[in-house]
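Me: I would like to go through a model with you, one short question at a time. Please reason briefly and end on the answer.

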Protein chains: 2
Amino acid sequence: MDPAWALDPEVRHLNHGSFGACPRPVLEAQTRIRAEAERNLMAFYARGLEARLDAAREPLARFLGACPEDLAFVPNASYGASCVLRSLRFEPGDEVLVTHHGYNGVRTALDYVLGRAGARRVVAEVPFPLERPEQVVEAVLACVGPRTRLAVLDWVTSPTALVLPVNDLVAALEERGVDVLIDGAHAPGMVEVDLDRLGAAYFTGNAHKWLCAPKGAAVLHVRRDRQEGIVPLVVSHGYDASLAGRSRFQRLFDWQGTDDPSAFLALPAALDFLGSLLPGGWKELRARNHALAVEAREILCAALGCTPPAPPSLLGSMAAVPLPRHPLLPERPGRRTPLQEALSAQGFEVAVVPFPAAPDYLLRVSAQAYNRREDYEALAAALKELLS
Amino acid sequence: MDPAWALDPEVRHLNHGSFGACPRPVLEAQTRIRAEAERNLMAFYARGLEARLDAAREPLARFLGACPEDLAFVPNASYGASCVLRSLRFEPGDEVLVTHHGYNGVRTALDYVLGRAGARRVVAEVPFPLERPEQVVEAVLACVGPRTRLAVLDWVTSPTALVLPVNDLVAALEERGVDVLIDGAHAPGMVEVDLDRLGAAYFTGNAHKWLCAPKGAAVLHVRRDRQEGIVPLVVSHGYDASLAGRSRFQRLFDWQGTDDPSAFLALPAALDFLGSLLPGGWKELRARNHALAVEAREILCAALGCTPPAPPSLLGSMAAVPLPRHPLLPERPGRRTPLQEALSAQGFEVAVVPFPAAPDYLLRVSAQAYNRREDYEALAAALKELLS
């Protein structure tokens, strides 16, 4: 393990996707920011914070192909999605379109909002195994109806680790008058993100996952023509027009009560650190991680005797493989399966998720800069042993 | 300046109330927690976090006179108030009672919610100067009507630094069937808090202010019989009943998307640090800070030639004094007045707030463990000079 990573070198960390990992230089930058804040809180919060947020937003916007003015910092993608879902006004009978590959945390937020409004969630059954990206677009469009108000679609699906064809999805849905909220929890740093080209009404993505920012850093992008309708979860001083000189959107999102903004402010350090690991920068890192995820999947499929459930072109830097039915994978899912516990006890951190539902499970692995081919070979050997 | 405080010793920090200040041992505890998290994210978040949150909640609950099961961690009091306001369902014509001493950030959150519902805010005019706590109860009760659904009342008012008689207010309003949300942003650590005795339906308070926890730590208390109706701003996995073994309230609030919980987990270190500064612990510290705030007000009133606007018994560890009209205090309030800027340039951090509205302003000072009488004497001299 490269000592720049703060991870325990005794453990094989194969689940970067769940909580990310933050390199030491970025954590140290964050500690310096916090120390600076504590020297004079009024200077930091009351006089300096907006300019510092702007300075951190600028390189992030460049990285994401967006205007800084359209980006808001939020603590995580669930928060970003909830800002949108709880701002919109749904009427009884309205429909919101999702896929059954969607992230459970956002599905619950949606169910809460729709339940209050008497609106309903419509689930597009995207095939899995999946052969072609067109199958995703077909499955989603088949569910569009006259009451479809919004589609909430994952850029990279959480249980199945598929990169959905979001550009095609947004274009096709926009053409039908349906706004799209892209849950890009895993997107920044894993796939190339160009938000202005994407053109979605709403996008949210984490910085703590594949950008390796400190925990608490994520982004919400709202298209200019939709900003008027969206407020943060904490409406505060910015709701008054008296804070002059910035757009309402910026005023509202930059002032959500006193919090620790050091994760946002350390984000540029994370962009720099990851971007300098390989000669080709971020592009090369993404390609390297993608290639390693594809390789990892081959190793695991060979060990488990299963077929890869999607072509490599539909993967990013994670891969999910189907697990056989086994006593370590119970019919009633708890928080963690005995298989995951057993692997963890042997020093392997992975994700094991029921999909489409227990007793069918997927094993999901990630490939980040600190991972090596031998990590997956060791995992494959342990799996064979445990599931034999 | 005691070196345990991270504050710049060249500055007189007389505005603890706005953003608090976190002592070095607490910041160091937080840094250690973050480092531990980054060693194995799965161990920290997926397997260990709930138990650690419980362990941090326990001493906080004891400090606040509450059951740990009724306490949720939130990043700040504005967030806590918004959880309640955005969970409740208001009908057109419903009324929510506030005072004009209320915190602007929560007032805006309320206006947003009421505006969507067609409900309205009713403002009780609490006298200022104030002579007796009964005047507050009278002013508030005079505004209760058949459509009053909720009262949102500050325990310690932000612009005027008054400790309102919350026990009497809650009792009188409950008797009339009106639920109360106590905005205790400044309460924990400044006044004695006994939430079970208070009996309010909802209470929120910051830990980063007078408990000196790291930024991002605050608490929401919901009375057992009101927990069913309240969800966090980010509804996530806990909305499913499948996370067994905890109440719905706890499940919902403990899982709001991946964030940095180190401020919550460092909170016990802050309770210990502040509680060990004086032989009489927290009680003596509160009494000492209160006495210093009263003394500070006397010094400032003498310098400005004004009368203290409330008896000492209505103060906590902040004090507000009226400022004379002056060119440094403009009729149209910006974010910061020229007076505040001038004081800051001379090394004094204070709060200057328009109240009830510009061109009438109040100067608010705070008294925390690191403040001394001479701080206010120096401020009084600088004020006399600037306003002469």
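What follows is a set of questions and replies on this predicted model.

Me: What relation links chain B to chain A?
Reply: Two copies of a chain are related by a rotation about an axis and a shift along it. Here chain B is laid on chain A by a turn of 180 degrees, with a shift of 0.0 Å along the axis. The RMSD of that superposition is 0.0 Å. The relation is therefore that of a two-fold axis.

Me: Which residue of chain B comes closest to the rotation axis?
Reply: The distance is taken at the C-alpha. It comes to 3.1 Å, and the residue is B:Leu233.

Me: What percentage of the contact residues of chain B recur in chain A?
Reply: On the count of contacts, 70 residues of chain B touch 70 residues of chain A. The same surface serves both copies. The share that recurs is 100%.

Me: What area is buried between chain B and chain A?
Reply: Carbon and sulfur atoms give 49% of this area. The total buried between chain B and chain A is about 6300 Å².

Me: How many salt bridges does the rule find across the interface of chain B and chain A?
Reply: One salt bridge joins the side chains of B:Asp240 and A:Arg107, at 3.1 Å from N to O. Over all chains the count comes to 56. Across the interface of chain B and chain A, the number is eight.

Me: Which helix holds both B:Glu58 and B:Arg62?
Reply: Their side chains meet in a salt bridge, 2.6 Å from N to O. The two residues are four apart, about one turn of the helix. Both lie in residues 41-64 of chain B, helix α3.

Me: Which elements give two or more residues to the lining of the second largest pocket?
Reply: This pocket holds about 620 Å³ of space. Its lining has 21 residues, and those nearest the centre are A:Arg116, B:Arg86, B:Leu88, B:Arg89 and B:Arg116. Both chains supply elements: α4 (77-87) and α5 (104-117) of chain A, with α4 (77-87) and α5 (104-117) of chain B.

Me: How many residues of that lining are charged?
Reply: The lining of the second largest pocket has 13 nonpolar residues and no polar ones. The charged residues number eight.

Me: Where does A:Pro356 lie?
Reply: A cis peptide bond joins A:Phe355 to A:Pro356, with omega about -5 degrees. A:Pro356 is placed in the loop between β11 (351-354) and β12 (361-366) of chain A.

Me: Where is B:Pro129 found?
Reply: The bond from B:Phe128 to B:Pro129 is cis, with omega near 0 degrees. Most peptide bonds are trans. B:Pro129 sits in the loop of chain B between β4 (120-124) and α6 (133-141).

Me: What phi does A:Cys212 have?
Reply: Most residues other than glycine have a negative phi. A:Cys212 is in the loop between β7 (202-206) and β8 (218-222) of chain A. It is not a glycine, yet its phi is positive, about 60 degrees.

How values were computed. Residues numbered from 1 in each chain as written. Chains lettered and ligands numbered in written order. Predicted model: local features only at pLDDT ≥ 70, side-chain atom pairs only at ≥ 80, totals over all residues. Heavy atoms only, no water. Least-squares fit on C-alpha atoms with pLDDT ≥ 70 in both. Contact = heavy atoms within 4.5 Å. 1 Å grid on protein atoms, 1.4 Å probe; cavity = no way out; pocket = protein on both sides within 12 Å on 5 of 7 lines; lining within 4 Å. Points joined across faces, edges and corners; volume = space filled by probe spheres on them. Nonpolar A, V, L, I, M, F, W, Y, C, P; charged D, E, K, R; others polar. Buried area = accessible area lost by both parts, 1.4 Å probe. Salt bridge = Lys/Arg side-chain N within 4 Å of Asp/Glu carboxyl O.
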